[in-house]
Amino acid sequence: MELATPAPMDVLLRPAALARAWMGPGRDQETIAVPGVVLGPGEVLVRVELVTITEDDIAITDGEEQCPVPTVLGREFVGRVAALGGAVAAADGIPLELGERVVSAVGPHERIGAHRELVGGFATHVHLVTGTPIVRVGEALPACILAPVSGGVARAAGLVRRLEEIADPEDLPVTIAGTGADALVLSAMIAERGGRARLASADPRVRARAERFGAALAPEHVPETDLSARFRTVSEASSETTLRVGVPTSADLEAAVAFMRAPGTRRYPFADLVSTPLPLDRLDDAIELARSGRHLRVAIAPGA
């Protein structure tokens, strides 16, 4: 006998969820109220604790990258499970429970639609589609450390995974390029594996923090903005390999969370990379602050 497919579940939100809808370059973001959502089987509603503004968010608002309109930006966030569309397992296979603190994989930007308004982290809640990798993060770490995990930290974890498929980072002189926090995260991950990377980032904010994240400064200033790792193995003495950042996997997200929760990671000042959070209604101010470059990550606390 075939089992019936669970019916979608109506979730009423009191007070209504709020989201800042991006309407396109040169237009103000608009606040929308969402009094309820419809959760299909396997979908999850997350109440956002903290979201950070990334370089991609700035590039989209500046018109440098294409994105569906209207949408809700914000892909790096930490929050708590507010509602579940039936039994939903986290990435470790254990079912999620209401109230658990989680991060989720970064999905593609999505246009706002009927019953799909909460599609990004610049909101009080995010509606995660079925199959989105979700990882528990526990209660110990501050939100400012956890919010970037799904973006920059997971990307760095993916690059380290590919690096370790080739050689042991402890024995490999790695030169890191890229702007923003990602390069510092990768430096710390290599340091935790016994290596010492050289930072060739042209970003002065990154270079000024190299030693604190376990890296040495390279004499060159590579103008690339995307994260990359360049190295030469003993077996390839005449050639150089460059690994570039890719789309993180579910395993990369789990590795990123494990890295941030490891006791040794506490020696690195990750919290200092993130600004004091601004409330959601000051998102435009927060984007201007992020654009100024004063902080590697600017934070928004939707509940503030």
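Start by counting the pieces: this chain folds into 7 helices and 14 strands. Keep in mind that you're looking at a predicted model. The radius of gyration is 20 Å, close to the 19 Å that the globule rule gives for 304 residues, so the chain is as compact as a globular protein of that length. If you drew a box around the C-alpha atoms along the principal axes, the box would come out at roughly 60 × 55 × 35 Å.

What about the inside? Of the 304 residues, 52% count as buried. Now take the contacts in the chain with a separation of 6 or more: residues 24 or more positions apart account for 71% of them.

Next, find residues 40-104. An unreviewed UniProt entry annotates this stretch as "domain: Alcohol dehydrogenase-like N-terminal". Over these residues the model has 11% helix and 35% strand. The C-alpha atoms at the two ends of the stretch are 17 Å apart.

Now for a pair of helices. Look for H3, which spans residues 152-164, and H6, which spans residues 250-261. Their axes come within 8 Å and cross at roughly 105 degrees. Angles of 65 to 115 degrees count as roughly perpendicular, which means that H3 is roughly perpendicular to H6. Which residues make the contact? On the H3 side they are Val153, Ala154, Ala157, Gly158 and Arg161, while H6 brings in Asp252, Leu253, Ala255, Ala256 and Met260. Sort the residues of this contact by type and you get 7 nonpolar, 1 polar and 2 charged.

Let's move to Gln29, in the loop between strand E1 (9-21) and strand E2 (30-39). Is Gln29 buried or exposed? Its relative accessible area is 8%, and buried means under 20%, so Gln29 counts as buried. Leave aside the neighbours within four places in sequence, and Gln29 is in contact with Arg20, Ala21, Trp22, Thr61, Leu283, Asp284 and Ile287.

Time for some backbone oddities. Most peptide bonds are trans, and most residues other than glycine have a negative phi. With that in mind, look at the bond that joins Arg14 and Pro15: it is a cis peptide bond, with omega about 0 degrees. Pro15 lies in strand E1. Another cis peptide bond joins Val69 and Pro70, and here omega is about -10 degrees. Pro70 is found in the loop between helix H1 (55-61) and strand E4 (76-84).

His115 brings in the phi angle. Its phi is near 65 degrees, a positive value in a residue other than glycine. You'll find His115 in the loop between strand E5 (101-104) and strand E6 (125-128). At 48% relative accessibility, His115 counts as partly exposed.

The loop between E5 and E6 also holds Arg111. How far apart are Arg111 and Pro68 in sequence and in space? Along the sequence they are separated by 43 residues, yet their C-alpha atoms are 5.1 Å apart. Setting aside neighbours within four places in sequence, Arg111 is in contact with Pro68, Val69, Pro70, Thr71 and Arg116. Two of those names should ring a bell: Val69 and Pro70 are joined by one of the cis bonds we just met.

Note on methods:
Residues numbered from 1 in each chain as written. Predicted model: local features only at pLDDT ≥ 70, side-chain atom pairs only at ≥ 80, totals over all residues. Heavy atoms only, no water. UniProt positions renumbered as here; feature names shortened; annotations may be inferred. Helix = DSSP H or I, 4+ residues; strand = E, 2+ residues; numbered from the N terminus. Axes fitted to C-alpha atoms, helices over the stretch in contact; angles between N-to-C directions. Parallel < 35°, antiparallel > 145°, perpendicular 65-115°, else oblique. Contact = heavy atoms within 4.5 Å. Nonpolar A, V, L, I, M, F, W, Y, C, P; charged D, E, K, R; others polar. Rg over C-alpha atoms; globule rule 2.2 N^0.38 Å. Buried < 20%, exposed > 50% of the residue type's maximum accessible area, 1.4 Å probe, protein only.
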